[in-house]
Amino acid sequence: MKASNSDHHRSTIIIGAGAAGLTAAIYAARANLKPLVIRGPKPGGQLVTTSNVENYPGFINGILGPELMRCFEAQAARFETELRQGTITTVDFSQRPFHLVVDREQSLLADTVIIATGATPRYLGLENEQRLLGRGVSSCATCDGFFFQGQDVAVVGGGDAALENALFLTRFADHIFVIHRRAQLRASKIMQQLAFSSSKLSFIWDTRVKDILGDEELEGLLLEEVKTGETSILPVKGLFVSIGHRPNTEIFKEWLEMDELGYIFTQPDSTYTSVAGVFACGDAQDRVYRQAVTAAGSGCMAAIDAERWLQTNHSLKSKIAKEIKQLKFMLGKKLKE
Ligand SMILES: Cc1cc2nc3c(=O)[nH]c(=O)nc-3n(C[C@H](O)[C@H](O)[C@H](O)COP(=O)(O)OP(=O)(O)OC[C@H]3O[C@@H](n4cnc5c(N)ncnc54)[C@H](O)[C@@H]3O)c2cc1C
């Protein structure tokens, strides 16, 4: 297969350098596509914001998130992957090759594009929240719940995700406080029934987290009753912020089909999007699992899908070119007779 690889025209451009994008890079590079990865505003992705990752296969004693992502990137670079700093600011998927702009100035062309821009968990926006991220504050109960065996923890939020997280945490934590700023939950009735029937859960209504306390590790929360303004301290060792995720897909909205939250639709059992030649993987298209291993898995799928698509497209193009050449030859022959 012939890959287009001038400096600004590539056969495969991968947008994003988290678990999905870097896995796609490893597979695309090993398929000889010489991929270009645009690393974006957060090289390494969400895992660089956490400490211990204990559920990524292959690491018996776990591994630090930033170290894991350094390994991903080094492995991608070992093959012929070019990693470039910059953010894709606009795309044009109306014709092929696709047109991408980096940092509002540099133009790139791509025969295939793999979108691996991930999602951003929503946080409360408190200064101490970012400081204590990975030291008691988390946005992922599946990832970090295990670290809170026998401790008291809190979950902020009132939707299905918050209750799912709270119920998941009942396996480890001693007690879970669900803090919600209203007097009613948004979660589905069935989730509410499950939550209300757990003796490990209790609800703190009409309350917001005003501050997060602790020097090196989370030690408690400063709560404020929204109606009265009354404050109190809740001593907990963990805080799971469960107020949703925002997929980083704004720049693709004009071109690709997405759900109401902005997760890109992919065809079942594949990474094909609504535009042929554009593939999506990782958290940008996954509102259900959102794990490093599932992101990596779908990154692998995207590279294989892109490689096969290029192969088929190229074979088809050469077949048509061959047929046109043959027709021209026949026509020339006829005209001479
Ligand atoms: C605090 C925390 C702890 C977690 N712990 C675990 C855990 O223990 N185990 C686990 O399996 N999962 C964990 N997760 C979830 C896991 O991090 C994600 O599922 C995974 O990172 C998703 O990978 P991704 O490549 O799809 O996206 P991301 O990791 O979000 O990476 C997205 C990439 O896209 C880039 N990007 C975004 N926009 C653009 C743009 N316009 N142009 C170019 N590049 C762009 C970013 O710079 C980034 O490199 C955790 C998440 C958080 C937040």
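Guide: Before we start, one definition: the expected span of a helix is 1.5 Å times one less than its number of residues. Please keep in mind that this is a predicted model.

Visitor: Okay, so how far does helix α1 reach from its first C-alpha to its last, and what is expected?

Guide: Helix α1, which covers residues 19-30 and has 12 residues, reaches 17 Å between those two atoms, close to the 16 Å expected at 1.5 Å a residue.

Visitor: And is α1 enclosed or not, going by how many of its residues are buried?

Guide: Of the 12 residues of α1, 11 are buried, so the helix is largely enclosed by the rest of the structure. The buried residues of α1 include A19, G21, L22, I26 and Y27. Just after α1, N32 takes a positive phi of about 70°.

Visitor: Let's zoom out; how many helices and strands are there in the protein?

Guide: The protein has 7 helices and 19 strands, and its C-alpha atoms fill a box of roughly 100 × 40 × 35 Å, taken along the principal axes. Of its 337 residues, 40% count as buried. Among the contacts with a separation of 6 or more, 61% come from residues 24 or more positions apart.

Visitor: Switching to α5 and α6, at what angle do they pack?

Guide: Helix α5 (residues 160-169) and helix α6 (residues 189-196) pack at an angle of about 30°, and their axes are 10 Å apart. That angle makes α5 roughly parallel to α6, since angles under 35 degrees count as roughly parallel.

Visitor: Left-handed or right-handed crossing?

Guide: The crossing of α5 past α6 is left-handed.

Visitor: Which residues meet there?

Guide: From α5, the residues D160, L163, E164, A166 and L167 meet M191, Q192, L194 and A195 of α6. The residues of this contact divide into 6 nonpolar, 1 polar and 2 charged.

Visitor: What else covers the buried residues of α5?

Guide: The buried residues in α5 are A161, A162, L163, N165, A166 and L169, and what covers them includes, besides α6, the helix α4 (141-144) and the strands β11 (152-156), β12 (175-179), β13 (201-204) and β17 (238-241).

Visitor: V155 is in strand β11, right; why does V155 count as buried?

Guide: V155 counts as buried because it has 31 C-beta neighbours inside 10 Å, and 20 or more is the cut-off.

Visitor: What is V155 in contact with?

Guide: Leaving aside neighbours within four places in sequence, V155 is in contact with A162, N165, A166, L169, I176, V178, F240 and S242. Separately, the C-alpha atoms of V155 and V137, which are 18 residues apart along the chain, are separated by 10.0 Å.

Conventions:
Residues numbered from 1 in each chain as written. Predicted model: local features only at pLDDT ≥ 70, side-chain atom pairs only at ≥ 80, totals over all residues. Axes fitted to C-alpha atoms, helices over the stretch in contact; angles between N-to-C directions. Helix = DSSP H or I, 4+ residues; strand = E, 2+ residues; numbered from the N terminus. Parallel < 35°, antiparallel > 145°, perpendicular 65-115°, else oblique. Left-handed = near helix turned anticlockwise from the far one by under 90°. Contact = placed C-beta atoms within 7 Å. Nonpolar A, V, L, I, M, F, W, Y, C, P; charged D, E, K, R; others polar.
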